[in-house]
Amino acid sequence: MKLLAIDAGHGGKDPGAVSNGYLEKELNLIIARRAYNILKEKYKNQIDLIRDGDYSLNHKLRTKKIKNKYKYCLSIHLNAYNGKGTGVLTIPSIFSQRGKILAKIIADEISNGLGLKINTYYQNGRKGKTGLDYYYMHRLTGKTTTIIVEVCFLDNLEDMKKLNIESASRAIAYGFEKFMLERIKG
Ligand SMILES: [Zn+2]
C-alpha cells in the first residue's frame, strides 16, 4: 500500500455544490492539488492525486482507484446546506478509531488556519440505514482509512470570505503530517 491518496471530490458532469457562481468541483481540485504538491515534497511517490482534471469519476471508478491501495485517503469537499451551515467538518468512518483521530487533527488545523468554527455534525462518522457508513467513500474503500474533508460551506458567503486556498491546503497537509508524527511517537 502507498501512504496517501488525495481525492478531489466530484468532477466533470457532477459539479457538487453550486452557489454564488462557485462550483464545488473546481475549488475541490485546486485545494486538493495544492495539498498534494505540499505533501509530495515529503512523501514523494507515496502519495497520489485522485482526479487531477475536470472529468467525471463515478463511485465505482473512484473507489476502485483508492480501495486497499493506500493507507489513508483525504477526500476534499466543500459543504452546502441551504446557506445555513457554517464551519469545517471532517467525517471519518463510524468504524475507524484511527480515522477519528486523523479527522480531528485536520479539523483543528483548518479551524485555526481559516478562523472557522468546527461544525460538529457527523464528526464521529455518519451511520446509514443499513448500519454501515452513510458515505460510499467510507463504505467502498476497504482497509483504506478515508476522511471526508468539508473545508467550509460554499453556499455561506461568510465562510467563503474566510476560505484562503493556500491556508486551507496547508492546514490539510500539516494536519496529515502532524497525525503521522503522532503515530510514530506512539
Ligand atoms: Zn462534495
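Accessible areas were computed by the Shrake-Rupley method with a 1.4 Å probe. On this basis, the accessible surface of the protein chain in the predicted model amounts to about 9,400 Å², and carbon and sulfur atoms account for 51% of that area. Of the 186 residues, 53% count as buried. The C-alpha trace spans about 40 × 35 × 30 Å along its principal axes. A compact globule of 186 residues would be expected to have a radius of gyration near 16 Å, and the 15 Å found for the protein chain therefore agrees with that expectation.

The protein chain comprises six helices and seven strands, arranged from the N terminus in the order β-β-β-α-β-α-β-β-α-α-β-α-α. Among contacts between residues at least 6 apart in sequence, 79% join residues at least 24 apart. With regard to charge, the chain carries 32 positive and 18 negative side chains, and the centres of these two sets are separated by 7 Å.

A zinc ion is bound by three protein donors, namely His 10 through NE2, Glu 24 through OE and His 77 through ND1, at distances of 2.1 to 2.2 Å. Along the chain, these donors follow the spacing H-x13-E-x52-H. His 10 is located in the loop between strand 1 (2–8) and strand 2 (18–19), whereas Glu 24 belongs to helix 1 (residues 24–43), so the pair ties together parts that are 14 residues apart in sequence. Both His 10 and Glu 24 are buried; for His 10 the relative accessibility is 18%, which lies under the 20% limit for a buried residue.

The backbone of His 10 is also notable for a positive phi of about 65°, although the residue is not a glycine. Most residues other than glycine have a negative phi. A positive phi, of about 60°, is likewise found at Tyr 122, which is not a glycine either. Tyr 122 is placed in the loop between helix 3 (97–114) and helix 4. With a relative accessible area of 30%, Tyr 122 is partly exposed.

Thr 144 occupies the loop between helix 4 (136–139) and strand 7 (145–153). Its relative accessibility is 5%, and Thr 144 therefore counts as buried. When residues up to four places away in sequence are not counted, Thr 144 touches Ile 66, Lys 67, Asn 68, Lys 69, Tyr 70, Lys 71, Tyr 72 and Cys 73.

How values were computed: Residues are numbered from 1 along each chain as its sequence is written. This is a predicted model: local features need pLDDT of at least 70, side-chain atom pairs count only at pLDDT 80 or more; totals for chains, interfaces and linings use all residues. Side-chain values use heavy atoms; hydrogens and water are left out. Donors are N, O and S atoms within 2.8 Å of the metal (3.2 Å for Na, K and Ca); water is not among the atoms, so sites may look incomplete. Helices (H or I, at least four residues) and strands (E, at least two) are DSSP runs, numbered from the N terminus. Buried means under 20% relative accessible area, exposed over 50%, partly exposed in between (1.4 Å probe, protein chains only). The radius of gyration is taken over C-alpha atoms; the globule rule is 2.2 Å times the number of residues to the power 0.38. Contact means heavy atoms within 4.5 Å. Lys and Arg count as positive and Asp and Glu as negative; His and the chain ends are not counted. The place of a charge is taken as NZ of Lys, CZ of Arg, CG of Asp or CD of Glu.
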